Amino acid sequence: MTEQILAKPFLDVLRGQRELVPPIWMMRQAGRYLPEYREVRAKAGGFLDLCFTPEFATEVTLQPIRRFNFDAAIIFSDILVIPYALGRAVRFEVGEGPRLDPLDTPDKIATLKPDADFSKLEPVFEALRRVRAELAPKIALIGFCGAPWTVATYMVAGQGTPDQAPARMLAYRHPEAFATIIDALVENSIEYLVGQLKAGADVLQIFDTWAGVLPPREFQRWSIEPTRRIVMGVRARVPDAKIIGFPRGAGALLPAYVDATGVDAVSIDWAAEPSLIRERVQSKVAVQGNLDPLALIAGGTALDRAIDDVLENYGRGRLIFNLGHGILPETPIAHVEQMIRRVRDYRS
C-alpha cells in the first residue's frame, strides 16, 4: 500500500477505519457563498459554460480547499450532464433553475437516445485530471452523478417541482415507459462514473435528492434497484470503487437501501433518527452528514449545539462530517470556519 493511499483520512473511513477526528467536507462547498466563486461565475457566463470549461471548473473546485483545507474536493459539475449527453436540451434560467424539454408521455420517451455522447462530457474528465494534479495527496477527490430517479424527475417535468408529481404520476401510469428513462440513465451513469474514476476521482457519490417522495414499493423499484445496478456496474469494471449513496429523505427506508445497494457509505439528512442510523446503518457502513444547513447560517451557540449533536450521535463510529444537504448561498464564511474549528477540535 502506498503512502498516498494511507494519507487520505476520508478514504480510510470508507475502507473501514474510524478516525478520531472525522474528515470533513460540505456538499455544494464550491458555491455562491464564496466571493471567489461568484467572480469566476461572472466570467463564465452561463452555468453550463462554468461546468464545461475545465479551467473554470478546476478553479471553483479548488477554491474551498484553498480556503478551508477540507478533506475532500468534489468536482464542480451538475447532475443533469447525463441528459445533456443523451441529446436532451438542458439550460439553466437565472433564478429559476434547470429547464429541459419534458419527456412526459410514452411517445416522447420513445425519442430518447439509449447511448450518451461522452465526448460532450470530456470537459468534466479534463477538469478531474487537472484537479487531481493540483490536490495535495491527503485530500480525496469525489466524482458524482445524479441517481436515475432524481435525474428522471427533471427529465419528465422539464424542471424541478415541489414534490415531483409529474414523474411519480408517469411512473404509476406508464411504468414500462418510465423504466426506459431509468434504464438509459443507469447504463450511461455507469460509463460516466467509471470515466470519472479513470480521470482521477478517488470516490463517487450518487445523489438521489428526491428519493424521499417515494412510497416504500416505489422507493425499492425506482431508487434502490437502479442504484444497486449502478454500484454493481461500476464495480464490475473497477472492483475496489468506493461509492457513497445519498437517498435524501429516505428515513426508515435507509437500512434497506444500504443492504441492497452495496454502497460503502450513506449520506443522511438532518432529520435522520440517530438511534436508527447508529444501530441499523452505521453498524454496517460509514455515515456522512448531517448538520442542518440552516444551523450553519444561524451560527453562534445554535451552531455549536448542532455540531455537537452530530458528533455525539455518530462520532463513535465511522463518520464523515458534512451537511444534511448543500450549503446555502447566504451562509456566512465565518460560520463555516466556526464549524471546521469545532469539528477538528473534537476527539472521539
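How far is the sulfur of Cys51 from the closest cysteine sulfur, and in which residue does that sulfur lie? Select Cys51 and Cys145 to begin the tour: the sulfur of Cys51 is 15 Å from the closest cysteine sulfur, which belongs to Cys145, and this is too far for a bond.

The model is predicted, so local features need pLDDT of at least 70 and side-chain atom pairs count only at pLDDT 80 or more, while totals for chains, interfaces and linings use all residues. Residues are numbered from 1 along each chain as its sequence is written, and side-chain values use heavy atoms, with hydrogens and water left out.

**Stop 1: the cysteines**

A disulfide is a covalent bond between the sulfur atoms of two cysteines. Here the term requires a pair of cysteine sulfur atoms within 2.5 Å, and the structure holds 0 disulfides. Cys51 is buried at 1% relative accessibility, and Cys145 is buried at 2%. The terms used for accessibility are buried (under 20% relative accessible area), exposed (over 50%) and partly exposed (in between), computed with a 1.4 Å probe on protein chains only.

**Stop 2: the nonpolar core**

In soluble globular proteins, nonpolar side chains tend to be buried together. A nonpolar core is a set of buried Ala, Val, Leu, Ile, Met, Phe, Trp, Tyr and Cys residues joined through side-chain atoms within 4.5 Å. The largest such core in this model has 134 residues. Select Phe10, Phe178, Ile181, Val234, Leu291, Val336 and Met339, the residues with the most contacts inside this core. Its largest share, 14 residues, is supplied by helix α11 (residues 175-199). Helices (H or I, at least four residues) and strands (E, at least two) are DSSP runs, numbered from the N terminus.

Next, centre the view on Val336. Leaving aside residues up to four places away in sequence, Val336 touches Met26, Tyr33, Phe68, Phe70, Leu296, Ile327 and Thr331; contact means heavy atoms within 4.5 Å.

Now move to Val194, which is found in helix α11. Val194 is buried, with a relative accessible area of 1%. Residues up to four places away in sequence again being left out, Val194 touches Val234, Arg237 and Val238. Add Ser267 to the selection: its C-alpha atom is separated by 21 Å from that of Val194, and the two residues are 73 apart along the chain.

**Stop 3: salt bridges**

A salt bridge is a side-chain nitrogen of Lys or Arg within 4 Å of a carboxyl oxygen of Asp or Glu. The whole structure contains 21 salt bridges.

Select Arg235 and Asp264, whose side chains meet in one of these at 2.6 Å, N to O. Arg235 lies in helix α12 (residues 216-237) and Asp264 in the loop between α13 (254-261) and β7 (265-267), so the pair ties together parts that are 29 residues apart in sequence. Arg235 is partly exposed at 21% relative accessibility, whereas Asp264 is buried at 14%.

Keep Asp264 selected and add Lys242. These two residues also form a salt bridge, with the closest N and O atoms 3.8 Å apart. Lys242 is in the loop between α12 and β6 (243-247), and the pair links distant parts of the chain, 22 residues apart. Elsewhere, salt bridges that share partners join Glu122, Glu126, Arg129 and Arg130 into one network.

Then select Glu96 and Arg99, which form a salt bridge with the closest N and O atoms 3.0 Å apart. Is each partner buried or exposed? Glu96 is exposed at 52% relative accessibility, while Arg99 is buried at 16%.

**Stop 4: Lys8**

Lys8 sits in the loop between α1 (3-6) and α2 (9-14). Lys8 is buried yet has no salt bridge, the nearest side chain of opposite charge being Asp202 at 4.2 Å. For charge, Lys and Arg count as positive and Asp and Glu as negative; His and the chain ends are not counted. Select Pro137 as well: the side chain of Lys8 reaches the backbone oxygen of Pro137 at 2.8 Å.

**Stop 5: Asp308**

Finally, select Asp308 in helix α16 (residues 300-314). Asp308 is partly exposed, with a relative accessible area of 22%. Its side chain makes a polar contact with the side chain of Arg342 at 2.9 Å. A polar contact is a pair of N or O atoms within 3.5 Å; within protein, one must be able to donate a hydrogen and the other to accept it, and residues adjacent in sequence count only if both atoms are side-chain atoms.
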